[in-house]
Amino acid sequence: MTSATKYLFGPVPSRRFGRSLGVDLTPFKTCSLDCVFCQLGHTTVKTLERREYVPLKDVLVEIGDWMHNGGTADYITLAGSGEPTLHSGFGKLIDFIHANSDIPVALLTNGTTLYSPDVRESAAKADVVKVTMSAYDQESFARLHRPCEGVTFNKLLNGTYAFRRDFKRSLWIEVFLVDGINSDIENVRRIAELTKQIKPDKTQLNTCVRPPCEETAVAVSKDKMDELSRLFEPPAEVISEFRSNCPIIEVNEIDIIEMLRRRPCTAVQVAESFDMHLNEVSKYIGKLLRKGVIRSEGGGAGAFYVAVKSKKELIIQ
Ligand code: SF4
């Protein structure tokens with residue numbers, strides 16, 4: 001992406017969707033949940049209200065320009081600074097993309113709005129819908145996701161079942177495991193049983209390898225994730241990018257490292273300097289932290305990042 005955009009980020013490389021252009025339909029950070037493992041930090045607007053959080057016409061202009069300028073991606077993904085289905089116009093956005101390109105659309109949702117027939121109708125326009133299903137009862141759901149009023153585990157489950165009944169394209173389930181909260185074999189067996197009833201086309205297991213919202217949200221080890229994946233039928237795919245799987249430093253990462261070597265910056269400052277979307281920067285920062293190339297000073301949105309290795313040291317490695 002060469003010019004600054006407000007609602008588009010990337011295309012960024014994604015293990016799940018190849019080169020994915022992200023579309024952000026909510027202001028940071030608007031969600032019906034406040035998950036302990038969220039890599040975006042605390043939910044500031046916790047709501048189930050569906051409305052036009054950002055002007056749909058402006059999003060359509062941005063994406064239309066991107067297509068007109070020859071933009072290419074493996075997927076256009078509705079995700080970003082919160083829950084995309086809270087935007088009342090997300091179905092119209094998918095219609096626009098399908099009418100103007102052949103790029104498939106992926107919708108990443110926490111599933112909490114799928115109880116609504118309107119949301120299900122709009123979500124069914126996507127080519128791939130990925131729903132998070134990480135709890136096995138109301139208590140684990142509340143502990144893991146800290147939902148807003150009106151959101152319950154049963155509503156999530158019934159909404160997802162109802163969606164699966166009508167949705168004939170690709171439905172993926174992502175199970176996010178947090179050590180000590182939902183990672184015991186018995187817990188995961190229960191999640192696997194629920195997942196089986198949903199009949200997804202694919203099940204993926206993830207854990208908190210990126211800096212989570214709460215320090216108490218601890219990642220499950222790679223060996224245990226592999227073991228737990230076999231409780232699903234067919235076995236789930238482990239998608240967490242554990243340290244040993246990290247790719248070598250990418251060009252954008254080197255630019256960010258060089259800047260942080262000269263002066264500590266917040267994520268917002270990095271985004272402004274490189275004309276990048278904050279979400280894209282968050283992904284790079286998460287990767288660099290995991291690689292031990294930068295460190296954070298302070299916490300939350302005001303944290304400063306400092307490079308602890310230079311470009312030269314990384315290239316020698
Ligand atoms: S992980 Fe997703 S569903 Fe959970 S709080 Fe973050 S944005 Fe919302």
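Reader: Where does Pro 234 lie?

Author: Happy to start there, keeping in mind that this is a predicted model. Pro 234 is joined to Glu 233 by a cis peptide bond, with omega at about -10°. Its place in the chain is the loop between helix 7 (222-229) and strand 10 (237-238).

Reader: Which residue does a cis peptide bond join to Lys 29?

Author: Lys 29 lies in the loop between strand 2 and strand 3. Most peptide bonds are trans. Here, omega is about -20°, and the cis bond joins Lys 29 to Phe 28.

Reader: What surrounds the ligand, and how do the residues of that shell divide?

Author: Lys 29 appears again here, as one of the residues around the ligand. With it in the shell are Cys 31, Leu 33, Asp 34, Cys 35, Phe 37, Cys 38, Thr 43 and Asn 110. By type, the shell divides into 5 nonpolar, 2 polar and 2 charged residues.

Reader: Which pocket does the ligand sit in?

Author: The shell around the ligand includes Asp 34 and Thr 43. As for the pocket, the ligand sits in the largest one.

Reader: How many aromatic pairs are there, and why is the pair of Phe 17 and Tyr 75 edge-to-face?

Author: The count comes to 5 aromatic pairs. In the pair of Phe 17 and Tyr 75, the ring centres are 4.9 Å apart and the planes stand at 70°. Planes over 60 degrees apart count as edge-to-face, so with its angle of 70° this pair is edge-to-face.

Reader: How many residues apart are Phe 17 and Tyr 75, and are they buried or exposed?

Author: Phe 17 is in the loop between strand 1 (8-14) and strand 2 (18-24), while Tyr 75 is in strand 5 (residues 75-79). The pair links distant parts of the chain, 58 residues apart. Phe 17 and Tyr 75 are both buried.

Reader: Why does the pair of Phe 37 and Phe 176 count as stacked, and which parts does the pair tie together?

Author: The ring centres of Phe 37 and Phe 176 are 3.8 Å apart and the planes are at 10°, so the pair is stacked. Both residues are buried. Phe 37 lies in the loop between strand 3 (30-31) and strand 4 (45-46) and Phe 176 in strand 8 (residues 170-177), so the pair ties together parts that are 139 residues apart in sequence.

Reader: Which charged end sits over the ring of Trp 172?

Author: Trp 172 forms one aromatic cluster with Phe 17 and Tyr 75. The charged end over its ring is 4.2 Å from the ring centre and belongs to Lys 202.

Reader: Which residue's ring has the charged end of Lys 155 over it?

Author: This charged end sits 4.4 Å from the centre of the ring. The ring is that of Tyr 115.

Reader: What is the phi of Arg 146, and why does Arg 146 count as partly exposed?

Author: Arg 146 is in the loop between helix 4 (138-145) and helix 5 (153-166). Although Arg 146 is not a glycine, its phi is positive, at about 40°. Partly exposed covers the range between 20% and 50%, and Arg 146 falls there because its relative accessible area is 24%.

Reader: Is Lys 199 buried or exposed?

Author: Lys 199 is found in the loop between helix 6 (185-198) and strand 9 (202-207). Its phi is positive, about 60°, although Lys 199 is not a glycine. At 61% relative accessibility, Lys 199 counts as exposed.

Notes
Residues numbered from 1 in each chain as written. Predicted model: local features only at pLDDT ≥ 70, side-chain atom pairs only at ≥ 80, totals over all residues. Heavy atoms only, no water. Near = heavy atom within 4 Å. 1 Å grid on protein atoms, 1.4 Å probe; cavity = no way out; pocket = protein on both sides within 12 Å on 5 of 7 lines; lining within 4 Å. Sits in = over half its atoms within 2 Å of the grid points. Nonpolar A, V, L, I, M, F, W, Y, C, P; charged D, E, K, R; others polar. Phe/Tyr/Trp six-rings, centres within 6.5 Å; stacked < 30°, edge-to-face > 60°. Helix = DSSP H or I, 4+ residues; strand = E, 2+ residues; numbered from the N terminus. Buried < 20%, exposed > 50% of the residue type's maximum accessible area, 1.4 Å probe, protein only. Lys NZ or Arg CZ within 6 Å of the ring centre and 35° of its normal.
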